[in-house]
Amino acid sequence: MSGTTAPVETSDAAPVGVPAGAEGESLSAYARRWWAGVRAGELGSLPIIIGLVLIAVVFQSQNDRFLTAGNFVNLIVQMAAITVLGMGIVFVLLLGEIDLSIGFVSGVAGVTTALLMIPDGSTQLGAGPAIALALAAGAGIGLLQGLIITKVGVPSFVVTLAGLLAWNGVVLLLIGDKGTVIIQNAFVIGFANDFLPDATAWIVLVAGIALYAGLQLNGFRSRRAAGLPAEPMSLIALRIAGLAAAGIIVVAVANQDRGIPYVFLVITALYILWTYVLNRTRFGRHIYAVGGNAEAARRAGINVDNVRIACFAICSLMAALGGIILASRLRSIDTNSGGGDLLLNSIAAAVIGGTSLFGGRGHIKSAVLGALVIASITNGLGLLGLSAGTRFVITGLVLLAAVSVDSLTRRGRASAGRA
Amino acid sequence: MSNKDPILELRGVSKSFGAVQALYQVDFHVAPGQVMALVGDNGAGKSTLIKCIAGIHPIDEGEILFDGEPVSIHGPKDAGKLGVEVVYQDLALCDNLDVVQNMFLGREETSSLRALEETTMEKRASDTLASLSVTTIRSVRQTVAGLSGGQRQSVAVAKAVMWNSKVVILDEPTAALGVAQTRQVLDLVKRLGDQGLAVVLISHNLHDIFEVAHTITVLRLGQNVAEFKTGDVTQTQVVEAITAGALSKVPGHVQAEVTA
């Protein structure tokens, strides 16, 4: 032993991760820290919420039917398909990849569901099997595209661009000379056209709030028990109260009109499911890791290819579900199913909501908020009687504005060392 | 500390890539609580040696002993099981994940419902950083993108130490760091040794090595040329060994082609 080791100077320093006074940190301290974060570019959902308020104010001032119960229920039904497709595309965008095929994959699923249920057809199935087959077809398409992207090494842009063309062709081939197929199955139509009874909606709401409160308090208690800094109790109470207030307003307003559409329950369930998967499971963590630094993920023993394939499968599965919801809302399918601006609106929804196109950043709630923005614009301009041309121009400008805000705040984050 | 038996010992290890003899009859050892520096010019075989230990390259000849027992390491997983962790120069951290998420990446703890045990993981990550006296990281819930080079190095080292590792190999940990950051990392290396871990430190900076290492192994053209105790030599003597150390065995002309 050579004895050159200098004495250790700093071994008695304070432990890391426990800021002084963390135990009793007050609400105002939290608010101050949040505001400091906002100023450094950690805007979170703030710009989009301000944007929604602006949209509501502008359209309401032009047409006083915008903020009515009836239009509110319409809006929920109109945003449903974009939201579901947007949730799926979030998984692919998190990897830094793209899926251009989701529009026509949703078309394939909608057409499959409708064709399998034609009453006079030889293959008439019940709603359950027809939907299951359509969803399986969607997942299968995603699996196939994911395998080509990872195992053959073709860029996702090219594979899904080919998919866009091919699945458009499949939609046309499936429909053949039928033109338009009317859906007559009450269950499938009920998705987007039936409403929860008032009392049921209230019961579901109370159960949901109780569940959320329970989870929040449980998290608080386990952090306290482990001696980790926990959020102040008042903040948790505020958050629960906020959710309860939002839920009560939604249910009360919707019940003034036709009620909560069943598709709203579907979206809520999907939101909870995928948020759980992304934030609370190992698989979700690995998606973020692959999107952030694929090489680091590989060295950490993560099977990067499997994560990629699974994300493309989830994306196509969600597209298929969105296609069924769209078919349900329109009560029919035709040769345009899955076409038009569906694909671009879905991707725009995820991006407007704050999901990065470069991977590693984004949430399921991005898709919901972004879809709300896009559906509000479409709905509001429709009420004003403006043309599709005006609508596209305005949606395009909103997309540009949202991404510009993101780019500017990213620069702010970089200079504040938060990236 | 050199009176302890080595935890990791290599005897007569050779490795060639085609005609290039990257390692020839190399002996190497490190004991618990010892900081062993591995030095040599570019192409001396330092990287090949640690890759053999980490299981990335299989060895052609010789044997590897762990705790006195011969072992065969066929992959990074085998090395991990033995308690050998390598901190590579490019740190393999995900910028978009926070400190805890990075430290547990690929080895997340889950409970029922396959939910991540965030509280347990955060506690363990905080405790590990605290045990290494890493005090510069404000919150373990901040993303790695916002950390300085020294802090990132600390996270990478803590990640390696957390898994009950016995041997930690650091590949040029101070290469890209400024003065204050280098100081943080060198203090950290010292503490690893003080906690009874065997540390292998690869560096080109002799000043750093003389500060933290107990012993120095010098490689030249794939062979051992010297092993020093840092108290017994001057930097000049080490430089001489690196550039002109006597090659005891000359296996052939191909040997001279080992470059970069």
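Here are a few exercises with worked solutions on the structure above.

This is a predicted model, in which local features need pLDDT of at least 70, side-chain atom pairs count only at pLDDT 80 or more, and totals for chains, interfaces and linings use all residues. Residues are numbered from 1 along each chain as its sequence is written, while chains are lettered from A and ligands numbered from 1 in the order in which they are written.

**Exercise 1. Find the buried side of helix 8 of chain B, and say what it packs against.**

Step 1. Locate the helix: helix 8 of chain B covers residues 235–244. Helices (H or I, at least four residues) and strands (E, at least two) are DSSP runs, numbered from the N terminus.

Step 2. Pick out its buried residues, which are V238(B), A241(B) and I242(B). A residue is buried if 20 or more other C-beta atoms lie within 10 Å of its own, exposed if 12 or fewer, and partly exposed in between, with C-beta atoms placed from the backbone.

Step 3. Look down the axis. These residues cover an arc of only 100°, so they sit on the same side of helix 8 of chain B. The arc is that of the directions from the helix axis to the C-beta atoms.

Step 4. Turn to the face pointing away from the buried side: here are the exposed residues T236(B), T243(B) and A244(B).

Step 5. Find the partners. The buried residues pack against strand 3 (35–39), helix 7 (206–212), strand 9 (215–220) and strand 10 (223–229) of chain B. Two residues are in contact if their C-beta atoms, placed from the backbone, lie within 7 Å.

**Exercise 2. Describe how helix 4 and helix 6 of chain A are arranged.**

Step 1. Two packed helices are described by the angle between their axes and the distance between the axes. For helix 4 (residues 102–116) and helix 6 (residues 156–175) of chain A, the axes come within 8 Å and cross at roughly 20°. Axes are lines fitted to C-alpha atoms, for helices over the stretch in contact, and angles run from 0 to 180 degrees between N-to-C directions.

Step 2. Name the arrangement: helix 4 of chain A is therefore roughly parallel to helix 6 of chain A. Angles under 35 degrees count as roughly parallel, over 145 as roughly antiparallel, 65 to 115 as roughly perpendicular and the rest as oblique.

Step 3. Give the handedness: helix 4 of chain A passes helix 6 of chain A in a left-handed crossing. A crossing is left-handed if the near helix is turned anticlockwise from the far one by less than a right angle, and right-handed if clockwise.

Step 4. Look at the contact residues. Helix 4 of chain A contributes residues including F104(A), V108(A) and L115(A), and helix 6 of chain A contributes residues including L164(A), W167(A) and L174(A).

Step 5. Sort the contact by class: 11 residues are nonpolar, 4 are polar and none is charged. Ala, Val, Leu, Ile, Met, Phe, Trp, Tyr, Cys and Pro count as nonpolar, Asp, Glu, Lys and Arg as charged, and the others, Gly among them, as polar.

**Exercise 3. Do the same for helix 3 and helix 10 of chain A.**

Step 1. Helix 3 (residues 69–94) and helix 10 (residues 262–280) of chain A pack at about 25°, with axes 10 Å apart.

Step 2. These two helices of chain A are therefore roughly parallel, and helix 3 passes helix 10 in a left-handed crossing.

Step 3. Among the residues that meet are I76(A) and M87(A) of helix 3 and F264(A) and W274(A) of helix 10. The contact divides into 10 nonpolar, 1 polar and no charged residues.

**Exercise 4. Is helix 14 of chain A enclosed or open?**

Step 1. In helix 14 (residues 342–352) of chain A, 10 of the 11 residues are buried, so the helix is largely enclosed by the rest of the structure.

Step 2. The buried residues include L342(A), N345(A), I347(A) and I352(A).

Step 3. After helix 14 of chain A comes G354(A), with a positive phi near 110°.

**Exercise 5. Place Q25(B) and L221(B), and give the phi of each.**

Step 1. Most residues other than glycine have a negative phi.

Step 2. Q25(B) has a positive phi, near 50°. Q25(B) belongs to strand 2 (residues 20–30) of chain B and is partly exposed, with 17 other C-beta atoms within 10 Å.

Step 3. L221(B) also has a positive phi near 50°. L221(B) lies in the loop between strand 9 and strand 10 of chain B, and counts as buried with 23 C-beta neighbours inside 10 Å.
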